[in-house]
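Thanks for coming. I'll put the structure up and then talk through how the chain is arranged.

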Amino acid sequence: MRLLLLVLALAVVTVPAAAGAQGAGPDPGPGMGATLCHPGDGGCAGFVGDAKRSLPKRGGARQPVVIGAAVFMLTAWEAERERRCLALAGWAESRGEGADAMAAVMWVVANRAASAAQPSLPCRVVVASGQFEPFAAEPVAPKTRQKQAKAVKARDKVHDKAHGPRDDAAGRRAEARRLLADVRRQAGVIRAGGMPSWPKPRLAPDREALRVARGLAWNLNDDEMPDPTARASLFYSPSAQAHLGRKKPDWAEARLRTASIGDHAFYRHPPARTVESETQVAQAGD
């Protein structure tokens, strides 16, 4: 019954495709205000932002917390932090592709964290070097470019104060750059061991996508939301690669493609061949 309620809740949540890495359109979509938490789940409502609550304090007893397919022993503060990292990863990577795509990205993070070969935590996974591009360290720009960026930022701030956020193509691109810079600032907080803050999107579709991502992160486990990627641990966006003039990643050739969700292709390591299966093949050949 709980699974049915969540499926029904998520089924009505749609985020317009224009809200992705290139920015968001003016249409907030029909998912505005949709219920993302089970009735009576105050913890979820507080995490999503539908109810007021205070941030958990550091320390305290560790309790089992299910994230993805694994159980972690975490304090309330640590559980909040790991779920925030999940939500930020899904939202930053695929907020314009809908709830399914954001959940799929979160499952990749959770699968990596649960890997027997390299057990970790979601926050460590998202800020690992060379893995999730939105969380990469901010490149240091030349001083002339920094001055230009500050001038553009000041101009946009004046415009937004007088007329509200721009929802044309240029405005959406500027907003996407601003949000990317915010995510990278939070990545620095994560690397330092702190609690990441939620971004503050100016456009309605981005705000609603973040709210949906928070609900998905809270409920990310096999009972509530089975892994749609079939335990994938890698993904990439073919269209984004093409837009940047990049080829298909070399690692994709040696991996098993498990799903295509939104604008992303998902992969995992192929199952290892056992000695027994090799022996059986040899006997059949004889």
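I'll start with the chain as a whole, then take the hairpin, the sheet, the helices and the cores.

First, the ground rules. This is a predicted model, in which local features need pLDDT of at least 70 and side-chain atom pairs count only at pLDDT 80 or more, while totals for chains, interfaces and linings use all residues. Residues are numbered from 1 along each chain as its sequence is written, and side-chain values use heavy atoms, with hydrogens and water left out.

The chain has 10 helices and five strands. Those are DSSP runs numbered from the N terminus, H or I over at least four residues for a helix and E over at least two for a strand. Of the 286 residues, 45% are buried. Buried means under 20% relative accessible area, exposed means over 50%, and partly exposed is in between, with a 1.4 Å probe and protein chains only. The accessible surface comes to about 15,500 Å², and carbon and sulfur atoms account for 56% of that. Areas are from the Shrake-Rupley method with a 1.4 Å probe; for residues, only the protein chains shown count as cover. Taking contacts between residues at least 6 apart in sequence, 68% join residues at least 24 apart; a contact is heavy atoms within 4.5 Å.

Now the hairpin of strands 1 and 2. Strand 1, residues 63–67, runs antiparallel to strand 2, and five bridges join them. Two strands count as paired if DSSP finds at least two bridges between them. Two residues separate the strands, and Gly68 in the turn has a positive phi of about 70°. One of the bridges puts Pro64 with Met73 of strand 2. Which side chains of strand 2 are buried? In strand 2, residues 70–74, Ala70, Phe72 and Leu74 point to one face and are buried, while Val71 and Met73 point to the other and are not. That is the textbook pattern: in a regular strand the side chains alternate between the two faces of the sheet.

Next, the open sheet. Three strands are paired antiparallel in the order 3-5-4. Strand 3 (234–236) and strand 4 (256–261) are the edges, each with a single partner strand, so one side of each has no neighbour in the sheet. From one strand to the next, the twist averages 25°. Axes here are lines fitted to C-alpha atoms, for helices over the stretch in contact, and angles run from 0 to 180 degrees between N-to-C directions.

Strand 5, residues 264–268, pairs with strand 3 over three bridges and with strand 4 over five. On the strand 3 side, Leu234 stands opposite Tyr267, and Tyr236 stands opposite Ala265. On the strand 4 side, Ser260 stands opposite Ala265. Strands 4 and 5 form a hairpin with two residues between them, and Gly262 in the turn has a positive phi of about 65°. Four of the five residues of strand 5 are buried, so strand 5 is largely enclosed by the rest of the structure.

Helix 4 lies across strands 3, 4 and 5, at about 145° to strand 3. The helix has 15 residues and reaches 21 Å between its end C-alpha atoms, close to the 21 Å expected at 1.5 Å a residue; the expected span is 1.5 Å times one less than the number of residues. With 14 of its 15 residues buried, helix 4 is largely enclosed by the rest of the structure. Helix 3, residues 76–94, is mostly covered too, with 18 of 19 residues buried. In helix 8, 14 of 15 residues are buried.

Pro205 lies in helix 8, residues 204–218, and is buried at a relative accessible area of 1%. Its C-alpha is 8.4 Å from that of Gly96, though the two are 109 residues apart along the chain.

Finally, the cores. A nonpolar core is a set of buried Ala, Val, Leu, Ile, Met, Phe, Trp, Tyr and Cys residues joined through side-chain atoms within 4.5 Å. The largest has 56 residues, and Trp91, Met106, Phe135, Leu216 and Phe266 touch the most other members. Helix 4, residues 99–113, gives the largest share, 12 residues. A second, separate core has five residues, including Leu234, Tyr236, Ala265 and Tyr267.

What does Trp91 contact beyond its neighbours within four places in sequence? Its partners there include Met102, Leu179, Val183, Pro199 and Leu210.
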